Amino acid sequence: MDFAGQIAEVVPDGLVAVILHGSLATGDFLAGRSDIDLLTVVTTAITDGQADALERFVLDADLGDAAGMDLHVVTAAVAADPGQLPPVELYVGRHQSGVEVDRGVAADPDLPVELAMARAGGRSLLGAAPVEVIGEIPGRWVLDRGRHWLTVWQGLTDDDEHAAHMVLTACRIWRFAATGVHCGKGDAARWAAGRDPGLEVIGAALDRYTTGKRDPIEPAAIGGLLDRVLRDTVWR
């Protein structure tokens, strides 16, 4: 699947890099469950026609055994120095739950985390390497955004559909706060379970994530993990 080549056809001039990140880059990919994550860096703002074509690319892409695709398009200036509220040219998410398209987003507080992970573990399918394109993201920014979501999820522990996602992402935030390492959900879960074997909710979430089984994950156990991670993730 020549995703980079297809993107290059849409943006023949001014394409700086197409970077694969997420589970396919880190080795955590699970057939039928993981997405394809692509970051496209361009020299200048894309046109409406290019945005239309990139949206069609995502919707029509042969995903193979992936569950979905996420495409972010940002300018080189934003990638190099994003700030905490950077603009996004285009986001297209194709998932089993539906399709999400955002164009010309003025400020995306989650993008710095996306860029930090792509810089740390991504690989270039076309153009410059991630570390040459993406500026270093302060760890405090990453952790602040992680703590924002941990706090939001404290009020959503009964959301069974997203229970595994909340637990495993909490483990990723926890490990980053402790070690400064970005990693996939599986590695983070194993690290967190080793840190506190009594947190059985981690094993339950990892089992659901890897097998698709729908065994219950107790809201109280999710809340307990979120509380623990919030206590342990003060930036030093």
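How many bridges pair E4 and E5, and in which sense? The two strands pair over seven bridges, in the antiparallel sense. Bear in mind as we go that this is a predicted model. The link from E4 to E5 is a hairpin with two residues in it. Within this pairing, Leu-90 has Arg-103 of E5 standing opposite.

From this pair we can step out to the whole sheet. It is an open sheet of six strands with mixed pairing, and its order reads E5-E4-E3-E2-E1-E6. The edges belong to strand E5 (98–105) and strand E6 (123–127); each has a single partner strand, so one side of each has no neighbour in the sheet. If you ignore direction, neighbouring strands are turned against each other by 15° on average.

Further along the order, have a look at strand E1 (residues 15–21) and strand E2 (residues 35–42). These two run antiparallel and are joined by six bridges. One residue to pick out here is His-21, whose bridge partner in E2 is Asp-37. As a reminder for reading any of these strands, side chains in a regular strand alternate between the two faces of the sheet.

Now for the helices that meet the sheet. Helix H3 (residues 48–60) lies across E2, strand E3 (68–75), strand E4 (88–95) and E5. Its direction runs at about 20° to E4. Helix H5 (residues 111–121) also packs on the sheet, where it touches E1, E2, E3, E4 and E6. The direction of H5 makes about 100° with that of E3.

H3 has a helical partner too. What angle do the axes of H1 and H3 make where they cross? They cross at roughly 160° and come within 9 Å, and that angle makes H1 roughly antiparallel to H3. The crossing of H1 past H3 is right-handed. On the H1 side the contact is made by Phe-3, Gln-6, Ile-7 and Val-10, while H3 brings Gln-50, Ala-53, Leu-54 and Phe-57. Sorted by class, the residues of this contact are six nonpolar and two polar, with no charged ones.

Two of those residues deserve another look. The structure holds three aromatic pairs, and in one of them the ring centres of Phe-3 and Phe-57 are 5.9 Å apart with the planes at 75°, so the pair is edge-to-face. This pair links distant parts of the chain, since Phe-3 sits in helix H1 (residues 3–10) and Phe-57 in helix H3, 54 residues apart.

Let us move on along the chain to helix H7 (residues 139–153) and helix H8 (residues 163–179). Their axes come within 10 Å and cross at roughly 150°; H7 and H8 are therefore roughly antiparallel to each other. Here H7 passes H8 in a left-handed crossing. H7 contributes Gly-139, Val-142, Leu-143, Gly-146, Leu-150 and Trp-153 to the contact, and H8 contributes His-165, Met-166, Thr-169, Ala-170, Ile-173, Phe-176 and Ala-177. The contact of H7 with H8 counts nine nonpolar and four polar residues, and no charged ones.

Our last stop is helix H9 (residues 185–195) with helix H10 (residues 200–211). The axes of these two come within 10 Å and cross at roughly 160°, which makes H9 roughly antiparallel to H10. This crossing is left-handed. Which residues of H10 do Lys-185, Gly-186, Ala-189, Arg-190, Ala-192 and Ala-193 of H9 meet? They meet Ile-202, Leu-206 and Tyr-209. By class, the contact of H9 with H10 has six nonpolar residues, one polar and two charged.

Note on methods. Residues numbered from 1 in each chain as written. Predicted model: local features only at pLDDT ≥ 70, side-chain atom pairs only at ≥ 80, totals over all residues. Heavy atoms only, no water. Axes fitted to C-alpha atoms, helices over the stretch in contact; angles between N-to-C directions. Helix = DSSP H or I, 4+ residues; strand = E, 2+ residues; numbered from the N terminus. Parallel < 35°, antiparallel > 145°, perpendicular 65-115°, else oblique. Left-handed = near helix turned anticlockwise from the far one by under 90°. Contact = heavy atoms within 4.5 Å. Nonpolar A, V, L, I, M, F, W, Y, C, P; charged D, E, K, R; others polar. Pairing = 2+ DSSP bridges. Phe/Tyr/Trp six-rings, centres within 6.5 Å; stacked < 30°, edge-to-face > 60°.
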